[in-house]
Amino acid sequence: MILEQDLKECILNKADSAYETDLFQKIIEKIQETSQQKYQDNKKPFRIIADHIRAACFLIADGIMPSNIEQGYVLRRILRRAIRYGQGLGLPQGFLLELAQIVINQYKGIYPELQKEEEIIAAISNEEEKFTQALQRGLREFEKLTGTITGKDAFTLYQSYGFPIEMILEEAKRKGLEINQEEFNQELEKHQEVSRAGAEKKFGGHGAGSIASEQEKYQITKLHTATHLLQAALRKVLGESVKQMGSDINTERLRFDFAFERKMTPEEIAQVNDL
């Protein structure tokens with residue numbers, strides 16, 4: 001993620017790349033200090049972590065939260081990739097929070113959105129905790145695999161435990177195992193087709209060309225109104241950071257998808273229900 005400010009710094013510092021400017025080097029120096037490893041010896045992981053934590057901070061500041069769909073999915077992937085590369089450098093859990101603080105301090109004077117400091121830190125911390133737990137479960141599953149890893153097994157690690165494919169390949173190489181990548185790609189394509197179909201209908205399960213009775217139309221209209229009421233109740237209880245990610249409505253029920261930086265408490269759920 002290269003910003004206009006990075007290009008200015010690159011020119012002023014006569015640097016070969018933005019990564020060699022102060023804007024990146026402050027993050028890279030912190031990674032060096034914490035990992036006790038040198039940037040010059042292996043630049044790739046340092047650059048990936050520095051780039052991804054900056055991108056994550058800006059995405060969260062713009063109202064996007066980690067999720068399994070759309071921009072939230074992109075955010076989740078870059079955060080998890082940064083975490084994996086950090087683990088490869090021996091960085092402790094929570095290291096991204098210190099790096100995020102550097103990004104916020106560097107840019108909040110130029111980009112006021114980054115003043116949502118608590119929200120940014122909470123979202124990153126929550127995602128790191130989730131991913132760490134998923135990784136531990138996934139690695140236990142990985143240890144059970146022998147011989148050639150099927151595409152279905154690899155996809156389960158990818159989908160259920162958040163393993164990026166490059167990480168699956170690394171772990172397989174470590175154990176001396178092979179992966180049926182062609183089968184994995186087929187499973188991934190099937191998953192993407194299902195996701196695309198879901199995206200097409202996420203703002204209403206009732207097709208525009210469907211023939212419905214007046215009662216059905218009334219029910220759908222009522223439930224559509226209810227989604228607006230639900231969003232208002234969520235924002236009243238949780239705050240304005242609640243972001244709608246989609247909804248699905250038919251004649252019998254509604255589903256409302258939203259992003260928030262943590263799980264709701266039972267008390268908050270009860271308050272929303274009451275409202």
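Tutor: Angle words first: between two helices, under 35 degrees counts as roughly parallel, over 145 as roughly antiparallel, 65 to 115 as roughly perpendicular, and the rest as oblique. This is a predicted model, where local features need pLDDT of at least 70 and side-chain atom pairs 80 or more, while totals for chains, interfaces and linings use all residues. Residues are numbered from 1 along each chain as its sequence is written, and side-chain values use heavy atoms, leaving out hydrogens and water.

Student: Why are H2 and H3 called oblique to each other?

Tutor: Their axes (lines fitted to C-alpha atoms over the stretch in contact, with angles from 0 to 180 degrees between N-to-C directions) are 10 Å apart and make an angle of about 120 degrees. That value falls in none of the named ranges, so H2 and H3 are oblique. The helices themselves are DSSP runs (H or I, at least four residues), numbered from the N terminus.

Student: Which residues make that contact?

Tutor: On the H2 side, Leu23, Phe24, Ile27, Ile28, Ile31, Gln32 and Ser35, and on the H3 side, Phe46, Ile49, Ala50, Asp51, Ile53 and Arg54. Contact means heavy atoms within 4.5 Å. By class, the H2 and H3 contact has nine nonpolar, two polar and two charged residues. Ala, Val, Leu, Ile, Met, Phe, Trp, Tyr, Cys and Pro count as nonpolar, Asp, Glu, Lys and Arg as charged, and the others, Gly among them, as polar.

Student: What makes H2 roughly antiparallel to H5?

Tutor: The axes of H2 (residues 22-35) and H5 (residues 95-107) come within 10 Å and cross at roughly 160 degrees. That is over 145, so the pair is roughly antiparallel. Asp22, Leu23, Lys26, Ile27, Lys30 and Ile31 of H2 meet Glu98, Leu99, Ile102, Val103, Gln106 and Tyr107 of H5. Those residues split into seven nonpolar, one polar and four charged.

Student: And why does the pair H3 and H6 get the word oblique?

Tutor: The H3 and H6 (residues 117-143) axes come within 9 Å and cross at roughly 120 degrees. Again, no named range holds that angle, so they're oblique. Here Ile53, Cys57, Ile60 and Ala61 in H3 touch Glu119, Ile120, Ala123 and Ile124 in H6. The tally is seven nonpolar, no polar and one charged.

Student: Which helix gives the most to the lining of the second largest pocket?

Tutor: H4, with four residues. H3 (43-61), H4 (70-88) and H8 (165-175) each supply at least two. The lining includes Lys44, Arg81, Tyr85 and Glu170, and by class it has five nonpolar, two polar and five charged residues.

Notes:
On a 1 Å grid over the protein atoms alone, a cavity is a set of points where a 1.4 Å probe fits but cannot get out, and a pocket is an open set with protein on both sides within 12 Å along at least five of seven lines; lining residues have an atom within 4 Å of a point.
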